[in-house]
Amino acid sequence: MQIKTPKFLISNGDAILKEAVQRLAQPGRRDFLRRSLTLGGLSMLTGCSLMDNQSVDAALTRVSRFNDDVQAWLFDPNRLAPTYPESMITRPFPFNAYYSENEVRHVDADSYRLEVSGWVADRHSWTLPELHAMPQTDQITRHICVEGWSAIGRWGGVPFASFLRRVGADLTAKYVGFMCFDDYYTSIDMPTALHPQTQLTLSYDGQVLPPKYGFPMKLRMPTKLGYKNPKYIKAIFVTNTYPGGYWEDQGYNWFGGS
C-alpha cells in the first residue's frame with residue numbers, strides 16, 4: 001500500500017524543512033518534536049527541503065493535532081498507570097515550574113475559593129474544608145517530565161471524576177480547563193478527566209500539600225506528562241471550546257500523554 005503525502009506538506013516542502021532545522025534548536029520545541037515526530041519523518045512527509053515561518057508553523061501545528069488525535073484514540077480510560085511501593089518514593093520530590101523555587105506562590109487557605117464554571121449545574125465556589133470533606137484516595141505514581149526526568153510521589157485527594165459528578169458537569173463535553181494562581185493554565189480531554197487516577201490533589205506524602213508542590217490544590221494525572229498537571233488551581237471550567245494551555249500555545253503537544 002502506498003502512503004500519500006499530505007498536499008499541504010508537498011506544496012511547502014522546501015520552506016518547511018529549512019525552517020524546521022532552525023526551530024529544532026529551540027529547547028521547548030525540540031523536546032516536543034522529539035516525542036511526536038522526528039525531523040527525518042517530517043522531511044519524508046514533505047518530500048524535499050524544509051523556509052517561511054507560516055508554512056512551518058502550519059505544518060507543525062497540523063502534525064501536533066494529528067498526534068493529539070492518535071493519542072486520544074489510543075487512550076484507554078480504564079487502563080491504570082503503574083503504582084509503586086512507598087520505598088520507591090523520590091525524596092525529596094523535585095520542584096518543577098516555569099519559574100524558580102524562590103518564586104513559589106503562597107495562597108491564603110482561609111480566603112481560598114475554587115471557582116467552577118462552564119457546563120456544570122452547581123457553580124458555587126468551593127472552600128478548602130468542603131474539598132477536604134469529600135472522600136479521599138491516595139496514589140503512589142510516577143511524574144514524568146517532558147525534559148526527560150521522572151520522580152515517584154505519594155499524592156492524596158479527591159478523584160476528579162467524583163468531583164465532576166458532584167458539581168453536575170456535562171460529561172459529554174470535550175474539555176476541562178484550569179486557571180492557576182501562578183498564571184499557568186492548561187486543559188485536558190474529558191476521558192482523561194474521568195480516569196480513575198486523575199485526582200484533585202490536596203496532600204503530599206500524608207501531609208497538607210506544600211506550597212512548592214501546588215498548595216492549595218493541584219491536578220495529578222499519572223497518564224499525562226508533567227506540564228499537563230497544573231498547580232495552585234483557582235478555577236475549573238467545562239467547555240466544548242478548545243482552551244489551549246500555557247505550554248501548548250507555545251507549540252507543545254496538547255494531549256500530552258505519558
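In the hairpin that links β4 and β5, four residues sit between the two strands, and Asp183 takes a positive phi near 70°. This is a predicted model, and the hairpin is a handy place to start reading it. The two strands, β4 and β5, run antiparallel and pair over five bridges. One of the bridges joins Tyr175 to Asp189 of β5. Phe178, for its part, stands opposite Thr186 in β5.

Zooming out, the hairpin belongs to an open sheet of four strands, ordered β1-β9-β4-β5, with mixed pairing. The edges are β1 (115-118) and β5, each of which pairs on one side only. From one strand to the next, the twist averages 20°. What about the surroundings of β5, then? Four of its five residues are buried, so the strand is largely enclosed by the rest of the structure, even though β5 is an edge strand of the sheet.

Thr186, which is part of β5 (residues 185-189), gives a closer look at that setting. Its relative accessible area is 2%, and the cut-off for buried is under 20%, so Thr186 counts as buried. Its side chain has polar company all the same. A polar contact of 2.7 Å links the side chain of Thr186 to that of Glu248, and another, of 3.4 Å, joins the side chains of Thr186 and Lys228. Setting aside residues up to four places away in sequence, Thr186 touches Val176, Gly177 and Phe178, along with Tyr227, Lys228 and Pro230, and also Gly244, Gly245 and Glu248. Of these neighbours, Phe178 is the residue standing opposite Thr186, while Lys228 and Glu248 are the side-chain polar partners.

Next comes the nonpolar interior. In soluble globular proteins, nonpolar side chains tend to be buried together. Here, the largest nonpolar core has 36 residues, and those with the most contacts inside it are Leu114, Leu131, Phe160, Phe163, Val176 and Ile236. Helices and strands both feed into this core: α6 (128-133), α7 (160-166) and α8 (190-193) each supply at least two residues, as do β4 (175-180), β6 (199-204) and β9 (233-239). Apart from it lies another core, of nine residues, with Ile89, Phe93, Ile152 and Leu209 among them. Back in the largest core, Leu131 is one of the residues with the most contacts. Beyond four places in sequence, Leu131 touches Tyr112, Leu114, Trp126, Gln136, Val158, Phe163, Leu202 and Met217. Two of the other best-connected core residues, Leu114 and Phe163, thus turn up among the contacts of Leu131.

Val167 offers another view of the interior, this time from the loop between α7 and β4. Is this loop residue buried or exposed? With a relative accessible area of 1%, Val167 is buried. Leaving out residues up to four places away in sequence, its contacts are Val116, Val120, Ala121, Asp122 and Trp126. Its C-alpha atom also lies 7.2 Å from that of Arg123, a residue 44 places away along the chain. Trp126 is touched by Val167 and likewise by Leu131.

A few backbone oddities are worth flagging for anyone setting up a calculation on the model. Two peptide bonds that lead into prolines are cis. The one from Arg91 to Pro92 has omega near -5°, and Pro92 is placed in the loop between α5 (53-74) and β1. The one from Phe215 to Pro216 has omega near 10°, with Pro216 in the loop between β7 (207-208) and β8 (218-220).

Positive phi values also crop up outside the hairpin. Asp205, although not a glycine, has a phi of about 55°; its place is in the loop between β6 and β7. Tyr232, again a residue other than glycine, has a positive phi near 55° and lies in the loop between β8 and β9. Their settings can be told apart by accessibility: Asp205 counts as partly exposed at 22%, whereas Tyr232 is buried, at 0%.

As for the chain overall, it has eight helices and nine strands. Of its 258 residues, 47% count as buried. The exposed area comes to about 12,800 Å², and carbon and sulfur atoms supply 54% of it.

Note on methods. Residues numbered from 1 in each chain as written. Predicted model: local features only at pLDDT ≥ 70, side-chain atom pairs only at ≥ 80, totals over all residues. Heavy atoms only, no water. Core = buried A, V, L, I, M, F, W, Y, C linked by side-chain atoms within 4.5 Å. Buried < 20%, exposed > 50% of the residue type's maximum accessible area, 1.4 Å probe, protein only. Contact = heavy atoms within 4.5 Å. Polar contact = N/O pair within 3.5 Å; in protein donor to acceptor, adjacent residues only side chain to side chain. Pairing = 2+ DSSP bridges. Axes fitted to C-alpha atoms, helices over the stretch in contact; angles between N-to-C directions. Areas by Shrake-Rupley, 256 points an atom, 1.4 Å probe, with all protein chains shown as cover.
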